[in-house]
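The following paragraphs lead the reader through a structure of two chains, beginning with each chain and ending with the contact between them.

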Amino acid sequence: MRTIAEMRHALATRAISSVELAEQALTRVTQSQPAINAFITVDRDSAIAAARAADAALAREDASALAGIPIAHKDVFMTAAMRTTCGSRMLANFVAPYDAQVVARLREAHTVLVGKTNMDEFAMGSSSETSHFGAVRNPWDAGRVAGGSSGGSAAAVAAGLVPAATGTDTGGSIRQPAALSGICGLKPTYGLCSRYGLVAFASSLDTPGAFARDAHGCALMLNAMAGHDPRDSTSLARPAVDYAHGLDASTPARPLAGLRIGLPGEYFGDGVDTHVAQAVTDALAELRKLGAETVDIALPAVRYSIPVYYVIAPAEASSNLARFDGVRYGHRAERYADLVDMYEKTRAEGFGAEVKRRILIGTYVLSHGYYDAYYLKAQRARRLIANDFIRAYAQCDVIAGPTTPTAAFPIGAKADDPVQMYLNDIFTVAANLTGMPAMSTPCGFTPDGLPIGLQLQGNHFAEAQLLNVAHRYQQVTDWHLRAPPRSNA
Amino acid sequence: MSLGEADIRRLARLARIGIDAETARDVQAKLEAILGLIDELKAIDTTDAEPMAHTQDVMLPLRDDIVTAHDERAAFQRIAPAAQDGLYLVPKVIE
């Protein structure tokens with residue numbers, strides 16, 4: 001069984017119980033750990049207890065669409081009674097006193113939490129190699145990265161360990177690993193899912209979202225995760241939407257008739273691998289067959305999105321990560337001379353090299369004499385990028401292009417070159433700067449057998465439309481159902 | 001943008017991150033490369049652009065003025081590296 005819908009059907013017809021599904025998932029996770037290292041923490045007892053409760057809910061026939069489905073959370077969401085490490089030595093033994101709102105909502109939906117997934121330390125990375133708990137490996141090729149920062153969640157779904165998982169997307173950290181792992185990943189509109197209980201990296205960009213095998217699975221996850229939360233001041237009060245509505249309906253001959261897909265020249269230029277470009281071109285041809293028309297658009301300011309992002313995100317990170325001081329929670333150095341020495345040793349030991357770099361860059365761009373030239377300038381440029389997209393959505397409904405310039409790269413290939421690593425995010429960061437939704441859906445493979453992702457972007461609150469486009473595409477293609485060799489999918 | 005050793009020491013002190021002499025050179029080289037990337041910002045004309053701090057033009061909402069928080073000091077202090085009698089323990093800061 002690959003998808004949430006298939007598992008749901010098996011649960012509803014009593015072909016399998018939630019406890020049996022949980023047992024299967026736990027076994028697969030254990031077997032896969034040496035090869036792909038997707039998990040940091042697995043809690044068998046709590047998973048089986050949650051599965052029993054789900055079976056009881058299913059027997060009462062008042063269960064949610066996700067009841068009994070095994071899932072995993074990125075280890076950046078706080079979970080009461082299960083440790084939350086953020087992939088860092090700083091939080092290696094941290095057990096949060098409460099659940100994140102997204103975690104609580106998925107618990108209430110009777111999902112079965114199998115464990116917490118591996119990630120780049122504090123979600124800062126594009127390869128899931130900077131984790132204190134070792135690199136995540138791509139299920140399609142264990143010598144390559146699974147993408148990041150939510151690489152453990154992506155690898156867990158790609159390898160068929162769980163049918164869905166949560167992630168966070170600050171600059172592409174859901175869409176990029178989804179593309180590199182051959183699954184579906186959705187970053188919703190900023191403010192749709194609460195950040196309460198999410199360990200903060202860059203607060204104006206951090207966005208909880210979901211991975212699943214297909215668009216329908218992402219829709220079901222979003223249904224459970226979205227909703228206003230007064231404990232997050234940026235959470236938006238919106239009427240509830242059923243994101244899965246209409247996805248079950250039979251497909252008319254031209255389901256995308258009337259849809260205008262914008263193609264920005266900026267996403268199809270030099271630097272895109274030829275196999276990636278070809279797969280995206282083929283996907284666009286499929287979308288045209290489904291009735292969509294394509295229009296050329298321009299996003300001239302988008303080429304500044306990497307420099308803008310790498311000012312704003314580190315600036316916010318340097319402020320957010322000031323809380324890790326060895327006083328209230330987390331790691332504290334064993335030996336120190338005085339208070340300042342305790343801070344400096346604690347943070348030197350607790351943080352890895354990339355996290356330190358981002359804190360130092362953030363400190364630099366916010367420091368006296370540089371604030372206007374960097375931080376304020378980046379905030380102004382962020383406005384220009386947002387204006388580009390607002391103009392574009394007057395001409396088109398969704399924007400399509402490659403999710404990443406290349407397929408998965410070898411482990412270690414970019415680990416010592418932060419600038420090369422940052423350029424992975426070139427097509428994904430703009431959606432974080434604008435707060436608009438975007439997703440990645442599988443659209444092909446390289447000759448080496450590595451997955452390629454198609455990115456679909458939309459205007460604020462266009463999740464249902466994006467999911468519908470991806471779903472219609474998935475009805476006529478099977479890239480999203482391909483499973484890596486030796487996986488359980 | 002070039003950074004000197006003194007800049008690295010100043011940043012490390014501001015960020016409260018101890019950096020030893022051995023790694024300082026590597027940190028310096030990588031930060032310079034990153035600053036080279038973000039210096040592309042200087043080429044943009046942002047004269048008429050309002051700084052953007054939030055992705056949507058929404059007012060931050062006000063909550064009703066009622067007490068919702070309850071005392072969770074014990075739960076929070078259980079996970080502290082050092083706490084005693086309801087207080088967080090830190091090295092002595094005044095003589």
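Helices are DSSP runs of H or I with at least four residues, and strands are runs of E with at least two, numbered from the N terminus. By that definition, chain B of this predicted model contains three helices and two strands. Their order along the sequence is α-α-α-β-β. The radius of gyration of chain B is 23 Å, whereas the globule rule gives 12 Å for 95 residues; chain B is therefore more spread out than a compact globule. Its C-alpha trace spans about 50 × 45 × 25 Å along the principal axes. Of the 95 residues of chain B, 16% count as buried.

Chain A holds 15 helices and 13 strands. Its radius of gyration, 21 Å, is close to the 23 Å that the globule rule gives for 489 residues, so chain A is as compact as a globular protein of that length. Along the principal axes, the C-alpha trace of chain A extends over about 70 × 55 × 45 Å. Buried residues make up 63% of the 489 in chain A. Among contacts in chain A between residues at least 6 apart in sequence, 77% join residues at least 24 apart.

The two chains meet in a contact that takes 55 residues from chain A and 39 residues from chain B. On the side of chain B that touches chain A, α1 (5-15), α2 (21-38) and α3 (73-78) of chain B each supply at least two residues. The most comes from α2(B), which gives six residues. By residue class, this side of chain B divides into 28 nonpolar, five polar and six charged residues.

Notes: Residues are numbered from 1 along each chain as its sequence is written. Chains are lettered from A and ligands numbered from 1 in the order in which they are written. This is a predicted model: local features need pLDDT of at least 70, side-chain atom pairs count only at pLDDT 80 or more; totals for chains, interfaces and linings use all residues. Two residues are in contact if their C-beta atoms, placed from the backbone, lie within 7 Å. Ala, Val, Leu, Ile, Met, Phe, Trp, Tyr, Cys and Pro count as nonpolar, Asp, Glu, Lys and Arg as charged, and the others, Gly among them, as polar. The radius of gyration is taken over C-alpha atoms; the globule rule is 2.2 Å times the number of residues to the power 0.38. A residue is buried if 20 or more other C-beta atoms lie within 10 Å of its own, exposed if 12 or fewer, and partly exposed in between; C-beta atoms are placed from the backbone.
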